[in-house]
Amino acid sequence: MKTLFSPVTAGKLQLDHRVVMAPTTRMRTVHGGIPGTLMTEYYRQRASRGGLLIAEATAVSPFANAYEDAPGIFTDEQQAGWQHLVEAVHARGSQIVLQLWHPGRQSLPELSSGRQPIAPSALIARDTYGVVKNKQGAYEGKLFPAPRALELDEIHALMDELRQAAIRAKAAGFDGVELHAANGYLPEQFLLDGSNQRTDRYGGSLENRARFLLESVDVLKDVWGSGRVAVRISPSGIYGDMHDSDPSATFRYLAEQLNRSELAYLHIIEPRIVGPDDREAGQYAEPVASRDLRAFYHGKIIAAGGFNPEDAEETLQKNEADLIAFGRLFTSNPDLPERIRNAFPLAAYNRDAFFGGDERGYTDFPAYKPLATKALLV
């Protein structure tokens with residue numbers, strides 16, 4: 001694992017190794033989307049000296065939430081909760097970036113102050129979701145609600161919400177921010193022609209459809225400067241009924257345009273992950289991922305999606321990415337970098353505990369302790 005444990009610079013992030021914790025929604029906030037002591041302990045456990053954690057999808061507005069008990073960054077209380085969490089991570093010598101999130105048409109009225117979801121176009125995502133608890137505490141699947149199309153003059157207000165979230169993230173002490181432009185959320189809804197049928201300057205041509213995402217990056221850069229803003233994309237994603245007539249052209253164009261943004265990194269979800277579930281062989285069209293986009297994007301790339309340590313090292317050695325993000329394995333292995341470095345066995349994760357709950361399957365996974373070698377008696 002020589003390459004995984006070599007130092008790397010990603011924008012202004014100086015890292016001692018390339019094992020990154022991916023943003024994984026675990027729905028463990030206290031009331032009001034506030035990170036509490038349980039979340040703080042989770043992130044503290046997974047911090048490593050010279051490492052990078054990417055905090056989970058965090059709502060930029062009270063009208064933008066798709067997951068019960070997901071965090072926000074639009075109130076003083078949320079900001080204070082994040083600040084305590086960041087301080088705990090920094091105390092362990094790690095850096096942490098906050099992923100900023102607006103789910104757009106995936107927003108649920110019951111979690112978003114009763115507001116109808118917004119989208120570039122009034123097109124329903126014809127998938128089911130399973131993020132709202134029923135009376136028995138189980139998660140139930142429903143169809144996404146019908147969104148309304150954004151008016152042109154409303155986009156300025158969305159950008160201001162994003163700006164205020166970025167300002168709060170900076171005040172909370174984060175080392176950077178990541179725009180969540182993957183998994184069928186609002187920036188991707190503007191980008192893909194399967195979800196964007198606008199005829200104004202934010203729709204139609206590829207240049208127009210990419211405008212919302214690129215302007216969002218500019219807003220974040222105005223707050224953070226160069227080298228501390230990142231973007232996450234999912235060129236192969238289908239969750240939320242996402243599709244595009246020419247994904248290769250779309251994501252190659254976007255990658256080229258992002259070169260001017262002086263990002264910390266471009267975070268690319270690999271094709272084996274298409275949403276909450278793994279790709280099933282033969283079910284989806286051949287996707288575009290970091291191997292393809294490397295030729296078009298010239299900055300640092302984080303690849304994410306179902307990696308094991310051996311795959312990760314091979315991907316880095318082939319120069320298809322610069323860092324590797326692990327999600328599920330970090331859930332059950334709080335000391336994942338050290339386990340990989342020393343070839344310690346990896347603990348299995350508990351999928352049933354991923355989305356909501358208490359400390360079980362969340363903070364109760366111990367760090368690995370090798371058995372002491374007994375001296376031979378002679």
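In this predicted model, a convenient place to begin is the point at which T58 stands opposite L100 in strand β5. The strand that pairs with β5 here is β4, which covers residues 52-59, and the two run in the parallel sense over six bridges. The connection between these strands can be followed through helix α2, residues 76-91, since β4, α2 and β5 together make a right-handed β-α-β unit. L100 also has a bridge partner in β10, namely L179, and β5 and β10 pair in the parallel sense over four bridges. The reader can therefore use L100 as a landmark for both pairings, because T58 stands opposite L100 and L179 is its bridge partner in β10, each strand pairing resting on at least two bridges.

How many of the residues of β5 are buried? Strand β5 spans residues 95-101, and seven of its seven residues are buried, so that the strand is described as mostly covered, with buried meaning under 20% relative accessible area. The side chains divide between two directions: Q95, V97, Q99 and W101 point one way from β5, whereas I96, L98 and L100 point the other way, and all of them are buried.

From the end of β10, which covers residues 176-180, the chain enters the loop that leads to helix α4, residues 186-191, and A181 is found in that loop. Is A181 buried or exposed? A181 counts as buried because its relative accessibility is 1%. Beyond its neighbours up to four places away in sequence, A181 touches P187, E188, L213, V231, R232 and I233. One of these residues, L213, lies 32 residues from A181 along the chain, yet the C-alpha atoms of the two are separated by 7.3 Å.

Helix α4 itself holds Q189, which counts as buried because its relative accessibility is 0%. The side chain of Q189 reaches the backbone nitrogen of R105 at 3.2 Å. Residues up to four places away in sequence being left out, Q189 touches a set of residues that includes P103, G104, R105 and Q106, together with I118, A119 and P120. The same set also includes G184, S195, N196 and M242.

The aromatic residues give another way of reading the fold, and a search of the whole structure finds 12 aromatic pairs. In one of them, Y42 and Y362 are stacked, with 4.2 Å from centre to centre and 0 degrees between the planes. This pair links distant parts of the chain, for Y42 is in helix α1, residues 37-46, while Y362 is in the segment after α11 (336-342), 320 residues apart. Both Y42 and Y362 are buried. A further stacked pair is formed by F190 and F212, with 4.2 Å between the centres and 5 degrees between the planes. Here too distant parts of the chain are linked, with F190 in helix α4 and F212 in helix α6, residues 211-224, the two being 22 residues apart. F190 is buried, as is F212.

Ring pairs also join Y42 and Y362 to Y43, W82 and F174 in a cluster. Y42 is in addition one of the residues in contact with T24, the others being E56 and G327 when neighbours within four places in sequence are left aside. T24 is placed in the loop between β3, residues 19-21, and α1, and counts as buried because its relative accessible area is 13%.

Charged side chains are also placed over rings in two cases described here. R26 lies over the face of F354, at 4.0 Å from the ring centre. The charged end of K170, in turn, sits over the ring of W224, 5.8 Å from its centre.

Two loop residues remain to be visited for their backbone angles. S113, in the loop between β5 and β6 (118-119), has a phi near 60 degrees, a positive value in a residue other than glycine. S113 counts as exposed because its relative accessibility is 56%. E262, in the loop between α7 (247-258) and β12 (265-269), likewise has a positive phi although it is a residue other than glycine, the value being near 55 degrees. With a relative accessible area of 46%, E262 is partly exposed.

Notes
Residues numbered from 1 in each chain as written. Predicted model: local features only at pLDDT ≥ 70, side-chain atom pairs only at ≥ 80, totals over all residues. Heavy atoms only, no water. Buried < 20%, exposed > 50% of the residue type's maximum accessible area, 1.4 Å probe, protein only. Contact = heavy atoms within 4.5 Å. Phe/Tyr/Trp six-rings, centres within 6.5 Å; stacked < 30°, edge-to-face > 60°. Lys NZ or Arg CZ within 6 Å of the ring centre and 35° of its normal. Right-handed = clockwise from strand over helix to strand, strands pointing away. Polar contact = N/O pair within 3.5 Å; in protein donor to acceptor, adjacent residues only side chain to side chain.
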